[in-house]
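Trainee: Could you take me through one part of this model up close? I'd like to hear about the nonpolar side chains, the ones on the surface as well as the ones tucked away inside.

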Amino acid sequence: MSKVRIIVFCVFAVITMITAKAQIHTAPDSENDNWRYFKDIGIERGTFIPMSKFNLSSGNALTITGSYFYSDKWGFRSGVSFIDGLAGGANYWRVPILFAFRTRTFTADYDLNDMYEDYSFSGSLTRGLIGFFFSLLPTRFEMNAGASFGGISPYHSKGYSSNGSHITDISRTFASTLDANMRIGFQFWRICVNGNFGISYLLTQNINYYDIHPNLGEEKSNPSWLGNMGVGASFRF
């Protein structure tokens with residue numbers, strides 16, 4: 001359940017940041033750089049987390065991603081991800097086909113003196129801390145939803161512990177998921193440092209996990225949900 005709490009915490013944190021950002025004035029429409037940049041290409045490193053009551057190991061992911069937007073808000077995102085070590089040792093590659101919605105790049109336009117009128121030392125310190133906090137907020141958000149198609153290499157392993165044994169079995173190669181992701185970005189010129197997290201539902205039920213206790217018998221799990229988190233950088237053009 002700790003992995004679920006991490007995902008929930010990230011969702012809450014991003015909602016909080018979006019709410020705070022919405023209170024900051026943005027630049028006029030003529031300065032909306034989404035009308036200048038309709039494509040991007042980037043690379044990301046991250047992790048895929050099987051969400052199960054059993055402690056299945058996460059997979060390490062390397063993703064090459066790109067997008068094409070046909071307006072300032074709407075477009076598509078795709079790429080390819082290579083994931084190794086999933087659920088104990090399986091290799092998984094996937095190609096996402098996602099609809100994308102992006103916000104404009106936010107430009108801070110506020111007067112801290114109006115927001116906090118205490119000019120004492122403590123007031124100046126408070127203004128500095130508030131300014132530093134706002135400077136850490138992401139400058140653009142992007143939401144993705146769609147499906148991914150790929151394959152998981154066949155994998156079978158058996159392990160032992162003081163409480164019994166466990167078996168991980170992946171016999172079906174083709175894999176497909178439904179995906180929903182949130183991307184947050186800090187932009188510097190055309191370079192954007194990205195953080196993203198999301199969740200995927202494994203339609204093809206590829207992962208079979210068996211937990212075997214000498215006295216309690218066998219318990220089976222088919223993890224259907226995969227959480228993912230990652231960081232990377234992209235170039236807009």
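Mentor: Let's agree on words before we start: a residue is buried under 20% relative accessible area, exposed over 50%, and partly exposed in between. Keep in mind, too, that this is a predicted model.

Take valine 193, which sits in strand β9, residues 191-202. Its relative accessibility is 38%, so valine 193 counts as partly exposed. Val193 belongs to a nonpolar surface patch of about 700 Å², along with Ile41, Phe188, Trp189, Ile191, Phe235 and Phe237. As for the whole surface, the protein chain exposes about 12,800 Å², and carbon and sulfur atoms supply 64% of that.

Now go inside. In soluble globular proteins, nonpolar side chains tend to be buried together. Here, buried residues make up 44% of the 237 residues in the chain. The largest nonpolar core has 13 residues, and Phe48, Ile83, Leu86, Tyr92, Ile152 and Ile207 have the most contacts inside it. Two elements, β3 (74-86) and β4 (90-102), each give two or more residues to this core. Apart from that core lies another, of 5 residues, with Phe106, Met182, Ile184 and Phe197 among them.

Ile207 deserves a closer look. Leaving out residues up to four places away in sequence, isoleucine 207 touches Leu86, Ala87, Asp169, Ile170, Leu202, Ser221, Asn222 and Pro223. Over the whole chain, 68% of the contacts between residues at least 6 apart in sequence join residues at least 24 apart.

Then there are the rings. A search of the whole structure turns up 8 aromatic pairs. One of them is tryptophan 35 with phenylalanine 38, an edge-to-face pair at 6.3 Å centre to centre and 65° between the planes. Phenylalanine 38 has a relative accessible area of 24%, so it is partly exposed. For tryptophan 74 and phenylalanine 101, the ring centres are 4.9 Å apart and the planes lie at 55°, so that pair is tilted. It links distant parts of the chain, with tryptophan 74 in strand β3 and phenylalanine 101 in strand β4, 27 residues apart. Tryptophan 74 counts as partly exposed because its relative accessibility is 45%. Phenylalanine 101 is at 24%, so it counts as partly exposed as well. Elsewhere among the rings, pairs link Tyr70, Phe76 and Phe99 into a cluster.

To put all that in its frame, the chain has 3 helices and 12 strands.

Definitions and conventions:
Residues are numbered from 1 along each chain as its sequence is written. This is a predicted model: local features need pLDDT of at least 70, side-chain atom pairs count only at pLDDT 80 or more; totals for chains, interfaces and linings use all residues. Side-chain values use heavy atoms; hydrogens and water are left out. Patches are made of residues with over 30% relative accessible area and no salt bridge: like charges are joined within 9 Å, nonpolar side chains (Val, Leu, Ile, Met, Phe, Trp, Tyr) within 5 Å. Accessible areas come from the Shrake-Rupley method with a 1.4 Å probe; for residues, only the protein chains shown count as cover. A salt bridge is a side-chain nitrogen of Lys or Arg within 4 Å of a carboxyl oxygen of Asp or Glu. Helices (H or I, at least four residues) and strands (E, at least two) are DSSP runs, numbered from the N terminus. Buried means under 20% relative accessible area, exposed over 50%, partly exposed in between (1.4 Å probe, protein chains only). A nonpolar core is a set of buried Ala, Val, Leu, Ile, Met, Phe, Trp, Tyr and Cys residues joined through side-chain atoms within 4.5 Å. Contact means heavy atoms within 4.5 Å. Rings of Phe, Tyr and Trp (its six-membered ring) pair if their centres lie within 6.5 Å; planes under 30 degrees apart count as stacked, over 60 as edge-to-face and the rest as tilted.
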